[in-house]
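Q: I'd like to learn how to read a model like this one, feature by feature. Can we walk through it together?

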Amino acid sequence: EDGHVPSCYDFLTETPSRDYRQRTWWNVRDSEATLILVMQSDAVFGGTLLTKKIADELGRPCLVIGLSPEEREKTGAAQVVQWLGERKVSKLNVAGPRESHCPG
């Protein structure tokens, strides 16, 4: 979850700050859209909520998908593919809570 970027990703630029807020800002800024994956779509908090707020502030499309069994029945991969296609997204920021904060 933390640490330096491995050398196989040398085309990426690390943020000067270790503060996750700067990394989050850059990730949203440098993408065309953000896909947020959470267990419950109405339970967006912490850094994940910050990601959504930044996307809204920058006017970037943002889709929140719940991964619980109940929500997967209503939404799924087809919805994501359609959403991406409608927006012609070529650079996608994928976000969500850390596994240590939201197991599953």
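Q: Let's begin with a single side chain: is Asp56 buried, partly exposed or exposed?
A: Keep in mind that we're looking at a predicted model. Asp56 has a relative accessibility of 46%, and since exposed means over 50%, Asp56 counts as partly exposed.

Q: Which residue forms a salt bridge with Asp56?
A: The general idea goes like this: side chains of opposite charge can pair when their charged atoms come close. Here the partner is Lys52, and the closest N and O atoms of the pair are 3.4 Å apart. Lys52 is partly exposed too, at 26% relative accessible area.

Q: Why are Lys52 and Asp56 separated by about one helical turn?
A: Because they sit four residues apart in helix α2, which covers residues 46-58.

Q: How many salt bridges does the count come to?
A: Four, going by the distance rule. Among them is the pair Asp19 and Arg21, with 2.7 Å between the closest N and O atoms. Asp19 is partly exposed at 28% relative accessibility, and Arg21 is also partly exposed, at 48%. Another one of the four joins Arg87 to Glu86, where the closest N and O atoms are 3.3 Å apart. Arg87 has a relative accessibility of 37%, so put it down as partly exposed.

Q: Now the backbone. What stands out about the phi of Lys88?
A: For background, most residues other than glycine have a negative phi, and most peptide bonds are trans. Lys88 has a positive value, near 50°, and it isn't a glycine. To find Lys88 in the viewer, go to the loop between α4 (77-87) and β3 (92-95). Its relative accessibility is 70%, so Lys88 counts as exposed.

Q: On to the sheet. In what order do the three strands come?
A: The order is β2-β1-β3, in an open sheet with parallel pairing. β2 and β3 stand at the edges with a single partner strand each, so one side of each has no neighbour in the sheet. Going from one strand to the next, the twist averages 20°.

Q: How many bridges join β1 to strand β2?
A: Five, and the two strands run parallel; β2 spans residues 62-66. If you want a pair to click on, Val38 stands opposite Gly66 in β2.

Q: And how many bridges join β1 to β3?
A: Four, again with the strands running parallel. You can trace this pairing residue by residue: Ala33 stands opposite Leu92, Thr34 has Asn93 as its bridge partner, and Leu35 stands opposite Val94.

Q: Why is strand β1 described as largely enclosed by the rest of the structure?
A: Take the strand residue by residue and ask which ones fall under 20% relative accessible area, the cut-off for buried. In β1, residues 33-38, five of the six are buried, so the strand is largely enclosed by the rest of the structure.

Q: Which residues of β3 are on its covered face, and which on the uncovered one?
A: Asn93 and Ala95 make up the covered face of β3, while Leu92 and Val94 make up the uncovered one.

Q: Which elements make a right-handed β-α-β unit?
A: Follow the chain from a strand through a helix to a second strand. In this model β1, α2 and β2 make that right-handed unit. So α2, the helix of the unit, is also where you met Lys52 and Asp56.

Q: How do I read the packing of two helices, and at what angle do the axes of α1 and α2 cross?
A: Two packed helices are described by the angle between their axes and the distance between the axes. For α1 (residues 20-29) and α2, the axes come within 9 Å and cross at roughly 40°. These two helices are therefore oblique to each other, and their crossing is right-handed.

Q: One last residue: where does Trp25 lie, and is it buried, partly exposed or exposed?
A: Trp25 lies in helix α1. With a relative accessibility of 29%, Trp25 counts as partly exposed. For a sense of scale, try the C-alpha atoms of Trp25 and Ala77: they are separated by 26 Å, and the two residues are 52 residues apart along the chain.

Methods:
Residues numbered from 1 in each chain as written. Predicted model: local features only at pLDDT ≥ 70, side-chain atom pairs only at ≥ 80, totals over all residues. Heavy atoms only, no water. Buried < 20%, exposed > 50% of the residue type's maximum accessible area, 1.4 Å probe, protein only. Salt bridge = Lys/Arg side-chain N within 4 Å of Asp/Glu carboxyl O. Pairing = 2+ DSSP bridges. Right-handed = clockwise from strand over helix to strand, strands pointing away. Axes fitted to C-alpha atoms, helices over the stretch in contact; angles between N-to-C directions. Parallel < 35°, antiparallel > 145°, perpendicular 65-115°, else oblique. Left-handed = near helix turned anticlockwise from the far one by under 90°.
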